[in-house]
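Please look over the model shown below before reading on. The report that follows describes how its sheet is put together and which helices lie against it.

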Amino acid sequence: MLYFFIFICYNLFGDSMLTMKDVIQDGHPTLRKRAKEVKWPLSEKNLNKLRDMMAFIENSQNDEMAEKYNLRPGVGLAAPQINKSLKMFCMKTLDEDFEIMHQYAVVNPKIISFSEAKTYLPGGEGCLSVDEETTGIVLRSKKIRANAYFVDLETGKGVYKEMKLSGYPGIVFQHEYDHLLGILFIDKIEPNMPKASPIQFKLPETKEEENL
Ligand SMILES: [Zn+2]
């Protein structure tokens with residue numbers, strides 16, 4: 001009986017692993033809405049959502065898990081992409097020098113400054129919510145400053161602070177931030193090649209492209 005009870009509980013509450021079927025695709029109205037402010041302090045429910053989102057990113061970056069669950073590799077996931085119209089996202093990526101890990105669970109972000117200087121990913125951007133192949137690049141600011149709650153996913157506590165980001169992590173942040181405004185990268189594809197210089201990755205790009 002006890003085992004049965006545990007089994008039921010596990011299925012009701014424990015099995016919250018996100019897979020691609022939870023990630024809504026371009027055309028879904030939630031992706032086009034402006035997301036709502038998240039109540040602070042975080043509710044247990046929203047904290048768990050964030051944990052699930054970060055777990056999805058980590059699983060998608062793990063070859064074994066990605067293959068087992070058929071996950072497209074991702075470095076960022078915003079709540080609207082799992083059909084929750086809330087201002088929060090997770091990202092996990094190394095910078096372009098493959099040195100510093102930028103892993104953040106972000107709530108109620110506000111980008112307060114965008115540098116005039118622009119950059120872009122030479123191969124264009126990708127998105128877990130956009131299935132079709134796209135060509136063309138997206139111009140992003142080289143540097144940004146943002147205010148947000150940065151959440152410790154273990155404790156659920158967070159601090160509201162200013163963060164400066166540049167280069168590749170800055171691009172990822174701007175891509176995820178756009179999701180909270182109902183904007184997809186495909187809206188911003190440049191018709192002409194700009195004069196800005198692309199992100200230079202220190203190591204040659206490996207295997208499959210990552211999605212933001
Ligand atoms: Zn995206």
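## Helices and sheet

In this predicted model, helix 2 (residues 44–60) lies across strand 1, strand 2, strand 3 and strand 6, and runs at about 30 degrees to strand 2. Helix 4 (residues 167–180) also packs on the sheet, where it touches strand 1, strand 2, strand 3, strand 6 and strand 7, and its direction makes about 160 degrees with that of strand 2.

The sheet itself is open and consists of 5 strands in the order 1-2-3-6-7, with antiparallel pairing. Its edges are formed by strand 1 (76–78) and strand 7, each of which pairs on one side only. From one strand to the next, the twist averages 35 degrees.

Two of the strand pairs are set out here with their bridges.

| Strand pair | Sense | Bridges |
|---|---|---|
| Strand 2 (residues 88–94) and strand 3 (residues 101–114) | antiparallel | 7 bridges |
| Strand 6 (residues 143–151) and strand 7 (residues 158–166) | antiparallel | 9 bridges |

Individual residues help to locate these pairings in the structure. For the pairing of strand 2 with strand 3 over 7 bridges, a useful place to look is Thr 93, which stands opposite His 102 in strand 3. For the pairing of strand 6 with strand 7 over 9 bridges, one can look at Ile 144, whose bridge partner in strand 7 is Leu 165.

Strand 6 and strand 7 form a hairpin, with 6 residues between them, and within the turn Gly 156 has a positive phi of about 85 degrees. Strand 7 of this hairpin is also one of the edge strands, and helix 4 touches strand 7 as well as strand 6.

Conventions
Residues numbered from 1 in each chain as written. Predicted model: local features only at pLDDT ≥ 70, side-chain atom pairs only at ≥ 80, totals over all residues. Pairing = 2+ DSSP bridges. Helix = DSSP H or I, 4+ residues; strand = E, 2+ residues; numbered from the N terminus. Axes fitted to C-alpha atoms, helices over the stretch in contact; angles between N-to-C directions. Contact = placed C-beta atoms within 7 Å.
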